[in-house]
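Visitor: I would like to learn how to read enclosed space and a bound molecule in a model. Please take one feature at a time.

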Amino acid sequence: MPVHMRNLIAGNWIEASGRATFEIRDPATDEPVASVPLCGATEAVLAVDAAAEAAAGWRQRPALERSSIVRRWGDLVLAHTNELADVLTREQGKPLAEARGEIAYAASFLAGAADLAPHFGGDVIPGPAASKHIFVLRPPVGVVAAITPWNFPAAMITRKLGPALAVGCTAVVKPAEQAPLTGLALARLAGEAGVPAGVLNAITGDAAAIGRAWLGDARVRKLSFTGSTAVGRVLIRQAAEHITRLSLELGGLAPFVVFEDADLAAAVRGAMLAKFRNAGQTCICPNRFYVQRSIYEEFLGRLHHALGELRLGHGLDAGVTTGPLIDDDAVAKVRMHIADARDRGASLRKGGDFVRPSATLSGRFCTPTLLSGLTPEMAIAREETFGPVAAVGIFDDEAEAFALANASPYGLAAYAYTRDLARAMRAAEAIEAGIVGINDGGVSTAVAPFGGLKESGWGREGGRWALEAYTDVKYVSIA
Ligand code: SIN
C-alpha cells in the first residue's frame, strides 16, 4: 500500500500549496511506492524563510553542541539502517546490501563532520607592524541550499548537510524527484537527533522552479549540487544574480587504465567494483577502459568471466547484485550507447540487451555488457553512460594511455592499475581528474576531498575540505 510522506519546513510536516503531489515508483516493478508533495517556488521561499529565521540561534550554539547533535543524527541513521535501506532499495533499485552500505556511508559523513567541527577554526597570524594583530575567522556562510541526486539518495544528503550544520549553517534541501523518500526519512531522524526546527528544511517537487527560487533569493549564500554538467551550467548562470557560492559535483567519464605490469586479478576486481556498483549509475564509475595491447585479450576474458557472476533482479531479493536502471530515459541512453558503439565497430562480447528478470519486474534491467574495440568517436567514449556497460579499447604505450585518459572535458575520477611504482606516480600526476585510484577501484570515503576538475565541477566534499566549503574567511586587524 503506497504511503504519503510530507515535507519539512520550520519543524512542521507540510503539504504543497494546493495539495499537489507526485508518485514515486519502484523502478524494478513500476509499482507506486509512495507519494510526496509537488512543491515549487512558493514552498522554496517558505523553506528559506525558516532557515533564515533559525540561522542566528544555530550559529550561536557552541560547536561542541552542534557536533554532538550531528553525531546523534549519524547514530540514529545507523540504528535505522534496515528501514532506511529498505526504502532506498524500493525507490532507487540498488540491491539491499548496497543500500545498507550506502546508509553506513551516509552516517560516516555525519560522524566525520561531528569529529572535525569542534577543532575547526581560524588562525592568528603576525600583523604587518608590531602594534597589530590579525585574527582570521571562519564564520558559517549562512543559509545553504542542497540539491541532491537519485543515485545515492542518502549519502549525497549527509555529505552536504553534515558539515554544513556542524559549522553552524542552516539548510534547505531538495532530494531528487525519482528517489526522495530516504531523504525525507533522514530529515525526520535529524529532528529526533535534536536538530532544531528550521535548521533543516526538506522539500520535494519541481527541481527547476525550486532551484531558480533559491538562487534568486539573496538570503541563500551557498548552493551545493550533485548532478549533471548540463544542470550545473544552468545553476552557474542563475548564481550570477546574487554571486551565490556554488559547490558542483557534476558528470564524469572516468578512464580505467590497465598497464601490462598490472596485477590482472586485482584490476578485474577493481573494475567490477568501480563499474558495476549501483548498476553502473555512479558519477565516478569508469566509462572507458584502456588496456595495454599485450594483455588486452586476457583482461577481456577475465572481465567476461567476472560478469557471469552478476545476478539481475529486484534489489530486495537475496543474491541479486544488479538492479534496474532508474527510468526509461536512462534505458534509452544506455541502449543508444551500445548501439552507437556497435555501429562504429565495437564487438559485443557479452550482454547488450534489456530483459525482465521475472514476470513481475519491469524491462529496465540491462544485462551486464562488455564491448571491445572502443574508439574515441563512440558516444560511450565521450558521454557518461550510467549503466552496466564496460567498453574496452587498446593502447600501446604510457604516453598514449595518458593522452586517451585525458581526451575528455570531464575530470572527476580516474583509475590506473600497474605494479610499477614510478609509473603509478606518473599516472597520478599526468591524469587530469580530481580523484585518482591507483590499484584501487573503491575510492569513495568520507575522509577524502571528493570532487572534480574541468567540466566535472567546482569544490570538494568530505574531510576538512567540506567544512571549509561552508564557511567564510574573514580577517580582523587589531591595532
Ligand atoms: C556519485 O556518484 O555522485 C557519488 C559516488 C560516491 O560517493 O561514491
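Guide: The turns below go through the cavities and then the ligand. This is a predicted model, in which local features need pLDDT of at least 70, side-chain atom pairs count only at pLDDT 80 or more, and totals for chains, interfaces and linings use all residues. Residues are numbered from 1 along each chain as its sequence is written, and side-chain values use heavy atoms, with hydrogens and water left out.

Visitor: How many cavities of 30 Å³ or more are there?

Guide: Rolling a probe the size of a water molecule over the atoms shows where empty space is left. Here a cavity is a set of points, on a 1 Å grid over the protein atoms alone, where a 1.4 Å probe fits but cannot get out; lining residues have an atom within 4 Å of a point. A volume is the space filled by probe spheres set on the points, which are joined across faces, edges and corners. The count comes to three cavities of 30 Å³ or more.

Visitor: What is the volume of the largest cavity?

Guide: The largest cavity has about 90 Å³. Its lining has 13 residues, with Phe152, Met156, Arg159, Glu249 and Phe450 closest to the centre. The second largest cavity holds about 50 Å³, and 14 residues line it, including Pro255 and Arg288.

Visitor: Where does the ligand sit?

Guide: A molecule sits in a cavity if more than half of its atoms lie within 2 Å of the grid points. By that rule the ligand sits in the largest cavity. Domain 1 (3-250 + 456-478) and domain 2 (254-445) both give residues to the shell around the ligand, so the ligand lies between them; the bounds come from an automatic or database domain assignment.

Visitor: Which polar side-chain atoms lie by an oxygen atom of the ligand?

Guide: A polar contact here is a pair of N or O atoms within 3.5 Å. Arg277 places a polar side-chain atom 2.8 Å from a ligand oxygen, and Arg159 places one at 3.2 Å.

Terms used: Polar contact = N/O pair within 3.5 Å; in protein donor to acceptor, adjacent residues only side chain to side chain. 1 Å grid on protein atoms, 1.4 Å probe; cavity = no way out; pocket = protein on both sides within 12 Å on 5 of 7 lines; lining within 4 Å.
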